[in-house]
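Please load the model in your viewer and keep a selection panel at hand. The tour below moves from one selection to the next and says what is to be found at each stop.

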Amino acid sequence: MAAARRRRGARRYRFTEGTAALALRIPEALDSRYGMYVWPCAVVLAQYVWVQRSGLRGKRVLEVGAGVSLPGVLAARCGAAVILSDSEELPQCLQMCRRSCLMNGLPHVPVLGLTWGRISPELLSLTPIDVILGSDVFFDPKDFEDILTTVYFLLEKNPQAQFWTTYQVRSADWSIEALLCKWKLKHTHIPLCSFGADQEHLASSPLPGRHTIEMMIISLAQSEGT
């Protein structure tokens, strides 16, 4: 595994719409840790960020479970005030967040250690947030409650905020809808075709398994969102 961890590189992702285009270089490492390379859900969420870019300029954005941070880095390049975060127990993933920022000319983007389900001083001291990003954070069902604990805390502090998330349906035996109801969170499914994420190649990258990816926007049930 030590040898594998030394195998690092970068992949180029290019987002286009009409005459507008933006290319990013995202570091990847061959590693057993989940957050060390770009997964299809991250590319799909980044495509949504790209389509929404005009409304994101000046907005305050937090990416949770960021890993190599493709959606968050794209949001920052589109003019949002971004904070990247991953588990404080995964320093390698936090370092990948920083590498992504440096590779894309964003040396001043803050990177925080935020562990799902833990009300830490870093979480308590976060500045106001408009949008939370999370790609494939609903990966292991044992983590779902912890994820929603953190998301609910953030939405309660920021009642008009929205959580933009993509996830891959890996089993018919689990669903997050019941948990969203339990936490009094409403959700809206966003069809991939509505933001160009049903292309055969997305952001210059083939995405195996994209047909099982879903996107939703989550907010407090009593809030109409932004």
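**First stop: an aromatic pair**

Begin by selecting Phe144, which is buried with a relative accessible area of 3%, where buried means under 20% relative accessible area, exposed over 50% and partly exposed in between, for a 1.4 Å probe and protein chains only. Add Phe138, which counts as buried at 0% relative accessibility.

Before going further, note that this is a predicted model, in which local features need pLDDT of at least 70 and side-chain atom pairs count only at pLDDT 80 or more, while totals for chains, interfaces and linings use all residues. Residues are numbered from 1 along each chain as its sequence is written, and side-chain values use heavy atoms, with hydrogens and water left out.

**The whole protein**

Zoom out and colour by secondary structure: the protein has eight helices and eleven strands, these being DSSP runs numbered from the N terminus, with at least four residues for a helix (H or I) and at least two for a strand (E). Of the 226 residues in the protein, 51% are buried. The accessible surface comes to about 10,400 Å², and 53% of that belongs to carbon and sulfur atoms, with areas computed by the Shrake-Rupley method with a 1.4 Å probe and, for residues, only the protein chains shown counted as cover. Among the contacts with a separation of 6 or more, 73% are between residues 24 or more positions apart; a contact means heavy atoms within 4.5 Å.

**Rings and a charge**

Which aromatic pairs should be displayed next? Rings of Phe, Tyr and Trp (its six-membered ring) pair if their centres lie within 6.5 Å, and planes under 30 degrees apart count as stacked, over 60 as edge-to-face and the rest as tilted. By this rule the count comes to six aromatic pairs. Select Phe15 and Trp50, whose ring centres are 6.4 Å apart with the planes at 40°, so this pair is tilted. Because Phe15 lies in strand E1 (residues 8-17) and Trp50 in helix H2 (residues 40-51), the pair ties together parts that are 35 residues apart in sequence. Phe15 is buried, with a relative accessible area of 0%, and Trp50 also counts as buried, at 3%. Return now to Phe138 and Phe144, which form an edge-to-face pair, 5.4 Å centre to centre and with 80° between the planes.

Show Arg53 as well: Arg53 lies over the face of Trp50, at 3.9 Å from the ring centre, and a charge sits over a ring if NZ of Lys or CZ of Arg is within 6 Å of the ring centre and within 35 degrees of the ring normal. Then select Tyr48, Trp164 and Phe195, which form one aromatic cluster.

**Strand E11 and its partners**

Select strand E11 (residues 213-220), which is mostly covered, since seven of its eight residues are buried. Strand E7 (residues 162-168) runs antiparallel to E11 and is joined to E11 by six bridges; two strands pair if DSSP finds at least two bridges between them. Label Thr165, which stands opposite Met216 in E11. Strand E8 (residues 185-189) is likewise antiparallel to E11, with five bridges joining the two, and the bridge partner of Lys186 in E11 is Ser219.

**Helix H4 and Ser135**

Move to helix H4 (residues 70-77), where seven of the eight residues are buried, so the helix is largely enclosed by the rest of the structure. The buried residues of H4 include Pro71 and Val73. After H4 comes Gly79, whose phi is positive, near 105°.

Pro71 leads on to Ser135, which touches Cys41, Ala42, Leu45, Glu63, Pro71 and Thr166, not counting residues up to four places away in sequence. Ser135 is in strand E6 (residues 131-135) and is buried, with a relative accessible area of 10%.

**Leu112 and the cysteines**

Next select Leu112 in strand E5 (residues 111-113), a residue that is partly exposed at a relative accessible area of 23%. The C-alpha atoms of Leu112 and Ile83 are separated by 7.4 Å, although the two residues are 29 residues apart along the chain.

Finally, display the cysteines: a search of the whole structure finds zero disulfides, a disulfide being a pair of cysteine sulfur atoms within 2.5 Å. The sulfur of Cys97 is 7.0 Å from the closest cysteine sulfur, in Cys101, which is too far for a bond. Cys97 counts as buried at 0% relative accessibility, whereas Cys181 is exposed, with a relative accessible area of 59%.
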